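Trainee: Could you walk me through reading the inside of a protein model? I'd like to start with a single side chain and work outwards.

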Amino acid sequence: MRASPVWHPFTQHAINPESILIDRAQGAYLYARNKDQGEAGQERQIIDAISSWWVITHGHCHPHIVKSVREQAAKLDQVIFAGFTHELAEKLATRMTALTAKSFGTPYDHAFFSDSGSTSVEVALKMAIGYWAHTSQSRSKIIALEDGYHGDTFGAMSVGSRSHYNAIYEPYLFEVEHLPVPESGKESRTLELLETYLNAHKNDVAAFIFEPLILGAGGMRTYSPQALKAMTELCRKHEVLLIADEVMTGFGRTGTMFACEQAGIMPDIMCLSKGITAGFLPMGLTLCSHDIFKAYYHKDRSKMFFHSSSFTGNALSCAAANASLDVWENEPVLKNVQTISASHKAITPKFAQHKNICNIRQAGTIIALDIMADKDGGADYLSNLQPRLYALALERNVLLRPLGNTLYVLPPYCVSNDDLKEIYATIERLAEQAAA
Ligand SMILES: *Cc1c(COP(=O)(O)O)cnc(C)c1O
């Protein structure tokens, strides 16, 4: 019997009984300690090449965020958010208005707080469905992308990919029209399918939800800003609401503050989470246009937005988010983002030469590639590739968490050039070892 009562996410405890104990973190590094040696144990420094599941932006334990959260903790921890408000939530929502105005030319006038990426998506879907219910026409259909990932709650699973991850829950998921990802060369097929669907269901499509430019958990699959723009223009023609899930892409990941900027589109609803507090504390934020808010704004109490989570607008999370925006304003964050993007671009030809590497793609600070599995190895070899790559990278003290045979780098923006070099060298080594 295992010693720990903790049931970890996405973990098969029968195969992986041991988790690495992390003591502290700083910048781009995690520090592990040998459990058996106690305080006297040797520290092990691990490069966090995936930003601790995509949440860390400025680096772990940024001093300004630590200070802000510490001060807030002594002042106000948490307050009910219906009938009450607090300064840091007001300030954050106002700053998000200004930030989105800068990105899109027009601000999002309304911000709904929750506590994770999944809840920001649930809120967005409920907002959109309610919008139609409260205006003249009721619309029932939702469109999403195949292989999308929007979280692990039931609504988020419904709009996400129907893969083996949620096969046993499939009977409980609601119906969604899934379109193939408009990857390079496949754009026209997706656009045709979308147009056919929209024509066949005139005035009945409520919303289109998508991860802009890159599908994260679905395998870091990219598509062009032009394809995104073309899909959204078709939707606009049919007055379909646009929901951008920028939970992973928001806050600089793809090279711009928000990925949608690159397509020159402003969705009606935008979901944010991971990077909003710089990865310091949980928060979900769903931004929406005035038209959405207006549909609920009524003397009739039954038209209010019936949604909340206990920690809505948590004061410490708001302190972290405001402090993160300070860092964006006071430090050359976007320049670091560009440096990382340029570095990824520069290593691409070298990766491309490697005989076991294929399908290299990039979206700003994210670079992804596939390791070609040994053809003679068979299926067994393939299913063992992911854990092997993961373990081999960790042996070199680099945290990479492959998606199947896809390796990707998604670093904190404070990552050094030397660390990037070490990460790239690790990937090349893994490509060699994978074939062995
Ligand atoms: C991670 C992720 C989510 C879910 O966020 P959680 O905070 O894990 O609930 C939703 N959408 C996208 C695009 C994500 O990457």
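Mentor: Sure. Keep in mind that this is a predicted model. Let's start with Phe 251.

Trainee: Which residues is Phe 251 in contact with, leaving aside its neighbours within four places in sequence?

Mentor: Thr 57, Met 96, Leu 99, Met 257, Phe 258, Leu 272, Gly 275, Ile 276, Leu 325, Trp 328 and Tyr 413.

Trainee: And how do I read a list like that?

Mentor: In soluble globular proteins, nonpolar side chains tend to be buried together. Here, the largest nonpolar core has 82 residues, and Phe 251 ranks among those with the most contacts inside it, along with Met 96, Phe 210 and Leu 400.

Trainee: Which helix gives the largest share of this core?

Mentor: Helix H9, residues 315-330, with eight residues. Domain 1 (66-330) and domain 2 (333-363 + 371-393) both contribute to this core, so it lies between them. There is also a second, separate core of 26 residues, with Val 121, Trp 132, Ala 144 and Ile 269 among its members.

Trainee: What about cysteines? How many disulfides does a search of the whole structure find?

Mentor: Zero. To judge a given cysteine, look for its nearest partner sulfur; a disulfide needs the two within 2.5 Å. For Cys 288 the nearest cysteine sulfur belongs to Cys 271, 11 Å away, and Cys 288 is in no disulfide. Cys 318 is in no disulfide either: its nearest cysteine sulfur, that of Cys 288, is 17 Å away.

Trainee: Are Cys 288 and Cys 318 buried or exposed?

Mentor: Cys 288 counts as buried, because its relative accessibility is 3%. Cys 318 is buried too, with a relative accessible area of 0%.

Definitions and conventions. Residues are numbered from 1 along each chain as its sequence is written. This is a predicted model: local features need pLDDT of at least 70, side-chain atom pairs count only at pLDDT 80 or more; totals for chains, interfaces and linings use all residues. Side-chain values use heavy atoms; hydrogens and water are left out. Buried means under 20% relative accessible area, exposed over 50%, partly exposed in between (1.4 Å probe, protein chains only). A nonpolar core is a set of buried Ala, Val, Leu, Ile, Met, Phe, Trp, Tyr and Cys residues joined through side-chain atoms within 4.5 Å. Helices (H or I, at least four residues) and strands (E, at least two) are DSSP runs, numbered from the N terminus. Domain bounds come from an automatic or database domain assignment. Contact means heavy atoms within 4.5 Å.
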